[in-house]
Amino acid sequence: MDRRDTGDDGGSSGRRPDPPPADSPLLHTLPLPPDPMTHLCTRLTAHDAPRSGDWSRRTSSGFQGSEDLRVAPADQSVIILHAKVAQKSYGNEKRFFCPPPCVYISGYGWRATPDHMKGYADSVHGYMCLDSSSQSQADTFKLVFDEQPESRVLPPRWRPAQPSYSISRMFACAKSLFISDQDKRKHFCLLLRLFLGSRQEVGSFQSRMIKVISKPSQKRQSLKNADLCISSGSRVALFHRLRSQTVSTRYLSVDRGAFVASARRWTAFTISAVDDHGGLVMSESFICYGLLVQLVCTESGVALPPMVIRKVNKQHAILDVDEPVSQLHKVAFQFRDDFGSYLCVSNDAIIQYQAPPSSRDPSRVVLNDGSCWTIIGVEAVEFTFNQSLACIQTPVSPFPSISRLEVNGGGHVAMLEVHGENFSPHLKVWFGSREAETMFKSSRSLLCVVPDVSVFSDGWRRLRHVITVPLSLIRTDGLIYRTSFSFTYTPELHLPLTSRGPAAGGRREAGPDRGPEEKEDVLLEMIHQEFTKANFHLFVQS
């Protein structure tokens, strides 16, 4: 029996919304199609979105034959959104992280807490600081959560029946975090601690690594500094500062489907290189000036029309530069369908600005202050757990995470090795709703026996489709850790010996006289043999 893990990429869903008319003074928000798109492919709803790890990863949706445990009404999610780089402060100057790290808390499981009678936003509070043992209390930022509408749509079966439970989430940002020049580290992480009420600790959650820089590099980036370049398909944030004043910072954001300039909330966008027809360019190269790009909100799926990204120097857009875009560069976005129009901030609104050409240099255009944006790469890490089935008083941390899977063996004796971090002997691997016999190897490795496919489907040998089950980690006290990985069972062929040859190793040819089912069996057999040769039946979408 062949087994493998696969991620469902999802295809492009629906047609791309038409860009706004070029003569419109205001940038109209693109309407959401019936099935909105995220990252230029199928939008990730709360049911399909990842449970931990990368926010833009999608769980395989081919699961059939058993209870789906990827999401439940009592799930609790914590999302940390932060920049990839941070500028170091010098002396008495404090360069606060921009954009500020944000925390989103969602899921109906938070409402089932003992403090739910106090109000959704009042029952949870937290603190954020740098992951350094020398951090003082003064360097720790207290997070004040606000309740806001949930923009992700949940499947109808997970929506609560109580009318008082609206779809909402909590939001907070740490506006005054910084790293001083006394800290000599080149990389650091953010540490988030959450509490329920005044006593119970939910747990500690860590961000991804953040690179420390002294100032934005204006030199052309080389392969040695590839981590400072903006890659196609990566997530970015855009902000604008009027006359470089911190108090006037405005972030490009999406609010209820409209593009706005917000003073507090910022949105992560996927920036992708596109062709002249608006199609995604399948490349992992860097974003360079002069390329046609598109910005898509990673959460709501709304998108700006295709624009050409330009380098900004002294409030001029340079038209003849093709070097890679780097972190914290000043950029401008030129609309493709109106070549003299640029994306611009006007108070809290997003408009189009008609930029005049430079009278001194034909390769430059003159921008106003609102058309100059600062671009920075961002990261998002999501932690999803479920503790509704058990009265858990201990913290959910350390939070285990899976980085990759490895299958050993096959048939009825397949073993799955799980690689990751923060594993303990108290964790068990679950395939869908079935517990697997799990052995603890180290804090970075678990080994489990793959359950037989018969526990998920009684008529397996008559099936022609695959069965995919989500993988979860469950602590011995009943706490469920969601993961973004799944495991797929593939059909195994049972062909007559005469068709395989005397050594059971022959290969049949799909001749014209064979029926459709025989041709399909031959194709499946060939695929099966290739998998057997490679002895690697696991595919994980990165």
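This is a tour of one predicted model, stop by stop, with a selection to make at each.

**Whole chain**

Start with everything shown as cartoon. The chain holds two helices and 35 strands. Now colour by burial. Of the 542 residues, 51% are buried. Switch to the surface. The accessible area is about 25300 Å², and carbon and sulfur atoms account for 52% of it. A contact map adds one more figure. Take the contacts between residues at least 6 apart in sequence: 66% of them join residues at least 24 apart.

**The main core**

Select Leu 194, Phe 205, Phe 385, Leu 416 and Phe 431. These residues have the most contacts inside the largest nonpolar core, which has 58 residues. Where does this core lie relative to domain 1 and domain 3? Colour 73-150 plus 167-215 as domain 1, and 400-492 plus 536-540 as domain 3. Both domains give residues to the core, so it lies between them.

A separate core can be shown in another colour. This other core has 30 residues, including Ile 271, Tyr 289, Cys 297 and Val 325.

**Phe 385 and its neighbours**

Go back to the main core and centre on Phe 385. Leave out residues up to four places away in sequence. Phe 385 then touches Ala 74, Asp 75, Gln 76 and Val 78. Its list also includes Trp 110, Val 202, Phe 205, Val 396 and Phe 399. Leu 479, Ile 480 and Tyr 481 complete the set.

Now show rings. Phe 385 belongs to an aromatic cluster with Trp 110, Phe 205, Phe 383, Phe 399 and Tyr 481.

**A tilted ring pair**

Stay with aromatics. The chain has 16 aromatic pairs. Pick Phe 456 and Tyr 489, whose rings form a tilted pair. Draw the centre-to-centre line at 5.6 Å; the planes make an angle of 50°. Which parts of the chain does this pair link? Phe 456 sits in the loop between β33 (445-449) and β34 (467-475). Tyr 489 is in strand β35 (residues 480-489). The two residues are 33 residues apart, and the pair links distant parts of the chain. Both Phe 456 and Tyr 489 are buried.

**Ser 445**

Move to strand β33 and select Ser 445. Is Ser 445 buried or exposed? Ser 445 is buried, with a relative accessible area of 6%. Again set aside residues up to four places away in sequence. Its contacts are then Glu 417, Val 418, His 419, Phe 423 and Phe 440.

**A three-strand sheet**

Select 85-87, 187-188 and 210-213, which are β6, β12 and β15. These three strands form an open sheet in the order β6-β15-β12, with mixed pairing. β6 and β12 stand at the edges with a single partner strand each, so one side of each has no neighbour in the sheet. Look at β6 against β15. Their pairing is parallel, over three bridges. For a marker, label Gln 87 and its bridge partner in β15, Ile 213.

**The β24-β25 hairpin**

Select 341-346, strand β24. Five of its six residues are buried, so β24 is largely enclosed by the rest of the structure. Add 349-354, strand β25. β24 and β25 pair in the antiparallel sense over six bridges. Tyr 342 stands opposite Tyr 353 in β25.

Zoom in on the turn. The hairpin has two residues between its strands. One stop here is Asn 347, in the loop between β24 and β25. Asn 347 has a positive phi of about 60° although it is not a glycine. At 68% relative accessibility, Asn 347 counts as exposed.

**Backbone checks**

Select Lys 314, in the loop between β21 (307-313) and β22 (316-318). Lys 314 is not a glycine, yet it has a positive phi of about 55°. Lys 314 counts as exposed, at 74% relative accessibility.

Finish with the cis peptide bonds. Cys 98 and Pro 99 are joined by one, with omega about 0°. Pro 99 is in the loop between β6 and β7 (102-106). Another cis bond joins Ser 397 and Pro 398, again with omega about 0°. Pro 398 lies in the loop between β27 (373-386) and β28 (401-408).

Technical notes
Residues are numbered from 1 along each chain as its sequence is written. This is a predicted model: local features need pLDDT of at least 70, side-chain atom pairs count only at pLDDT 80 or more; totals for chains, interfaces and linings use all residues. Side-chain values use heavy atoms; hydrogens and water are left out. Two strands pair if DSSP finds at least two bridges between them. Helices (H or I, at least four residues) and strands (E, at least two) are DSSP runs, numbered from the N terminus. Rings of Phe, Tyr and Trp (its six-membered ring) pair if their centres lie within 6.5 Å; planes under 30 degrees apart count as stacked, over 60 as edge-to-face and the rest as tilted. Buried means under 20% relative accessible area, exposed over 50%, partly exposed in between (1.4 Å probe, protein chains only). Contact means heavy atoms within 4.5 Å. Accessible areas come from the Shrake-Rupley method with a 1.4 Å probe; for residues, only the protein chains shown count as cover. A nonpolar core is a set of buried Ala, Val, Leu, Ile, Met, Phe, Trp, Tyr and Cys residues joined through side-chain atoms within 4.5 Å. Domain bounds come from an automatic or database domain assignment.
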